[in-house]
Amino acid sequence: MDIIIYGIINSVALAIMALGFALVYGISRVPNFAHGSIYVLAGFITWSFLRTLGFPYFWSVIITMLIVGVIGALLYRFILIRVRGMAISEIIASYAVGLAILEGLRWGGFRGMSYTLPVFAEGSVIIGGVPVDFQRIIMVFAGVGIFIGLYIFTHYTRIGLALRGMAQDERAALMLGIDSDLMAVVSMILGAMLAGLAGILLLPLGNIVVEAGYNVLILAIAVCIVGGLGSWAGAVLAAFLIGFAQILTVVYLGSHYQMVVALLAIILTLILKPSGLFGMQKQLEERV
Amino acid sequence: MSSTHRRKERIDRGIKVRTDGLYALMSWRELSYLTVPRLVLILGILALPIVMPGMYWQKVITIVCIYAMLAIGFDFLAHYVGLVSLGGAFFIGTGGYIAAILNSSYGLPPLLTIPIATILGAAICTLLLLPCLPLRGVYFAIVTLMYPLVLARIIEALDVLGGTDGIMGVDSFASSWVEQYLAVTMVLIFLFGLRRLVNTDIGLVFRAVKDNDQAVRASGMNISYYKAVAVFIASAMGCLAGACLVHIYMWAGISLFALDFSIIPIAATVIGGGGTIVGPVLGCLILVPISELLREFGTLRIVFYSLILVGFIVFRSEGIMVFGERKYHQFQRWVRV
């Protein structure tokens, strides 16, 4: 029973981490290697507002989301837009920005055990004989809420439809009067805010450490590759696959192997079905 | 439109055109036009260990060469085969650990451990990277980024290969001159060897893989095979660098998988000029000493590299070497449009 419950919780956490990366890659084809650092940065910004400046929790979360969104927009507008389409430069530039943020945080003294965000609500309930604390339950519901919200946003609003148009065929979208750079900025803002939201939802479960940035990046990429790069449904399904695989290895082998699961998942996917679970239409494009 | 619009026109220097063919042998001036830049580089690099004052800076020269080998490999993979490797640390770590194990557990001398670590390490790296070679796109970058992080985590968690303490008591080189000149000559060999290689037939195929893989496939050539060969070459250089590093530090540990080994070669390539093979060496000669001077700033150095990297890639993506070559071979003048 605890495997099922913690498997679901872990899977939802993975899906939340991966969603931002999948969104940005799906829409603007920019692999955002700064994803993990935005996740950690959001945690530290919230911490600073909460602890140093003494804002209430709710408002520090809102302000953090805005700041992170602006960072995403600036990142695209001033750096990625200039190298768009050049795969080598895109990867190097976004990776370098991510490194700069993470190592800057580390240099700025944000390390050690003293940085924790409080949980949203204290206490726990017992589900099917397994105690689960409220924070994890809130996280699962928030995750489901984010999925539903994103689904509604991308299917029933003008901007959302424009984003999907971009994702499917950028040239056709341009012909229909969709500003591709503007949409890419929007997707970066959304992606950065999703990364930030993931940080705010997941970081209260432990300490805020800089290393989490690399882990989150790896896990997000693993989920996206297994699900098929750019496919959102695939990402959710892959999150469940990897999430349960991780919990099973933790139970039967030990927690050291969690990262190995992610790496193995990527390698196996690349060997068996390179386009991922739901990457059918892109198979020709990506397989040489 | 007014006639005051001007633009810059670039024209090859006469001497460049003359020296392209056999006429290069006609006069000392033209001969030196071709050979002086190369000789300056070779003699300059060979003289570096002698002119450097003190042990400390001689050590720095060796480290420069280690990074230069990695950077040459990165440049080769990225600009001639189209594979972006974000994991120089992966190559360093593999080569380094193999050399350390061979030396401390089996007692082999550095003369044997370094070649074995180079070949074996390159084979292992190629094998581990094989799954992402048949694919286009960002997969190679992602997988190379992951390996060093995951391997460091595995060694730490499972406490194998010395765990967090690392493998101590690895033999050092016979003397510091051997150490320096080994590194320096290896850099020169790789540098000129690769410059030759990319102009041979297989180099042509590599570039074709980067530019138009479908055409390569249509010619009946196996893309994965050629990519694997290229990865083998680049990772052999990285593993050699790692093996030398282990023997210099007399220690192998998790820090072999540190981010420095991944980011400095990339920064050096971008600054020095991608696609020239010489550029990365120049970039390392600039970046690594600066990095030594900034040692007290700790991880801020990585921030510094990353920002330089972003700046160069966004505003000056050609790099020093390409700029220098242009100035050397061409002159500019304003022409009226």
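What pattern does chain A follow when I read along the sequence? I'm working from a predicted model here. Going along chain A, I get α-α-α-α-β-β-α-α-α-α-α-α-α-α. I tallied the elements too, and chain A has twelve helices and two strands.

Next I looked up how chain A is packed. Its radius of gyration comes out at 19 Å, close to the 19 Å that the globule rule gives for 288 residues, so chain A is as compact as a globular protein of that length. For the overall dimensions, I noted that the C-alpha atoms of chain A fill a box of roughly 55 × 45 × 35 Å along the principal axes.

Then I checked burial. Of the 288 residues in chain A, 52% are buried.

I also looked at which residues touch which within chain A. I kept only contacts between residues at least 6 apart in sequence, and 73% of those join residues at least 24 apart.

Last entry: the contact between chain A and chain B. How many residues does each chain put in? I found 34 residues from chain A and 39 residues from chain B. On the chain A side, the elements giving two or more residues are α3 (57-83), α4 (87-107), α9 (211-227) and α11 (258-272). I wrote down α4(A) as the one that gives the most, with 15 residues. Sorting the residues on this side of chain A by kind, I got 26 nonpolar, three polar and five charged.

Notes. Residues are numbered from 1 along each chain as its sequence is written. Chains are lettered from A and ligands numbered from 1 in the order in which they are written. This is a predicted model: local features need pLDDT of at least 70, side-chain atom pairs count only at pLDDT 80 or more; totals for chains, interfaces and linings use all residues. Two residues are in contact if their C-beta atoms, placed from the backbone, lie within 7 Å. Helices (H or I, at least four residues) and strands (E, at least two) are DSSP runs, numbered from the N terminus. Ala, Val, Leu, Ile, Met, Phe, Trp, Tyr, Cys and Pro count as nonpolar, Asp, Glu, Lys and Arg as charged, and the others, Gly among them, as polar. The radius of gyration is taken over C-alpha atoms; the globule rule is 2.2 Å times the number of residues to the power 0.38. A residue is buried if 20 or more other C-beta atoms lie within 10 Å of its own, exposed if 12 or fewer, and partly exposed in between; C-beta atoms are placed from the backbone.
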